[in-house]
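Hi everyone, thanks for coming. Let's take a look at this one together, and do stop me if anything is unclear.

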Amino acid sequence: MTVSSNKLLEVSEVSRSFSEAGRDVSVLDGVSFSLDGRDSLAVIGPSGCGKTTLLLMIAGLVPPSAGTLRIKGRPVTGPPRETALVLQDYGLFPWKTVRQNIELGARVRRTMPPRETVELLEEELGIPGLGAKYPQQLSGGQRQRVALARAFLLRPEILLLDEPFAALDAMTRERLQHVLLNLFGRRGFSFIVVTHNIEEAATLGRRIMALSGRPTRVAAVLDNPVFGQPDPRVQPEFFDICVRLRRLLEEGS
């Protein structure tokens, strides 16, 4: 079948059920959205609503029970090479050094770039000179930068971020949001970030998709008028969109 859409990612009427105590429990029901190139989408919803499950389906790690997911017109039937996933708990191996953790995904895919590329990426993410250390010797912010470096080394077209900064203090969280947006501006990838933090969604999403209900459905998709501005948090529109998101989440809880 020929697909004429030029969307980078298309999620169409996707549902997911799990078996629990001998019965099917529906988590996601009829979720649809798309993502363009050089685009960003923040997905927000209450804990347990299926945000992470949705991300894992896009990553090809969990199959949908119904509906379709396509990347560049091709069905997602396994982990697509166009994606890279960054997990909330960093996903670093404690027995591997920082450099080994960064290079792991590229080595598995047999796409290992020159050492100079790795070092340049470490500089870009603010973690130069840490290659011989181990994850337990790093701060939480440094570990997350290592996880981002591992993802970026794969040169993804779609970066998938699962609550990436949730375990960090407020200042470190904002600093890494800024790092992510700077890389987004320079490298030209798209990203989807899952979060339960309203201000984070209003900072990182060009569009913001609010999920609600049980089973979970799309409550609204909002365009973000302050996305890409140097300091969106001081804009009145930032406060307005945070209020709208809070109301949507309260109505859907």
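Let's begin with W95: is it buried or exposed? In this predicted model, W95 has a relative accessibility of 58%, and the cut-off for exposed is over 50%, so W95 counts as exposed. Its ring pairs with that of F93: the centres are 5.0 Å apart and the planes meet at 55 degrees, which makes the pair tilted. F93 itself is partly exposed, at 30% relative accessible area.

Now please find F184 and F191. Their ring centres lie 5.3 Å apart with the planes at 90 degrees, so this pair is edge-to-face. F184 is buried, with 9% relative accessible area, and F191 is buried too, at 0%. Both belong to an aromatic cluster that also includes F152, F189 and F227. The structure has 6 aromatic pairs in total.

One more ring for you: F18 has the charged end of R16 sitting over it, 4.5 Å from the ring centre.

On to the strands. Strands of a sheet pair through backbone hydrogen bonds. Here, an open antiparallel sheet runs in the order β2-β1-β4-β5. Why do β2 and β5 each have one side without a neighbour in the sheet? They stand at the edges, so each has a single partner strand. Between β1 and β2 there are 9 bridges, and L9 is partnered with L35 in β2.

Last stop, a hairpin: β9 and β10 have 4 residues between them, and G213 in the turn shows a positive phi of about 85 degrees. The two strands run antiparallel, joined by 6 bridges, with A210 partnered to A220 in β10.

Thanks for listening!

Notes
Residues numbered from 1 in each chain as written. Predicted model: local features only at pLDDT ≥ 70, side-chain atom pairs only at ≥ 80, totals over all residues. Heavy atoms only, no water. Pairing = 2+ DSSP bridges. Phe/Tyr/Trp six-rings, centres within 6.5 Å; stacked < 30°, edge-to-face > 60°. Buried < 20%, exposed > 50% of the residue type's maximum accessible area, 1.4 Å probe, protein only. Lys NZ or Arg CZ within 6 Å of the ring centre and 35° of its normal.
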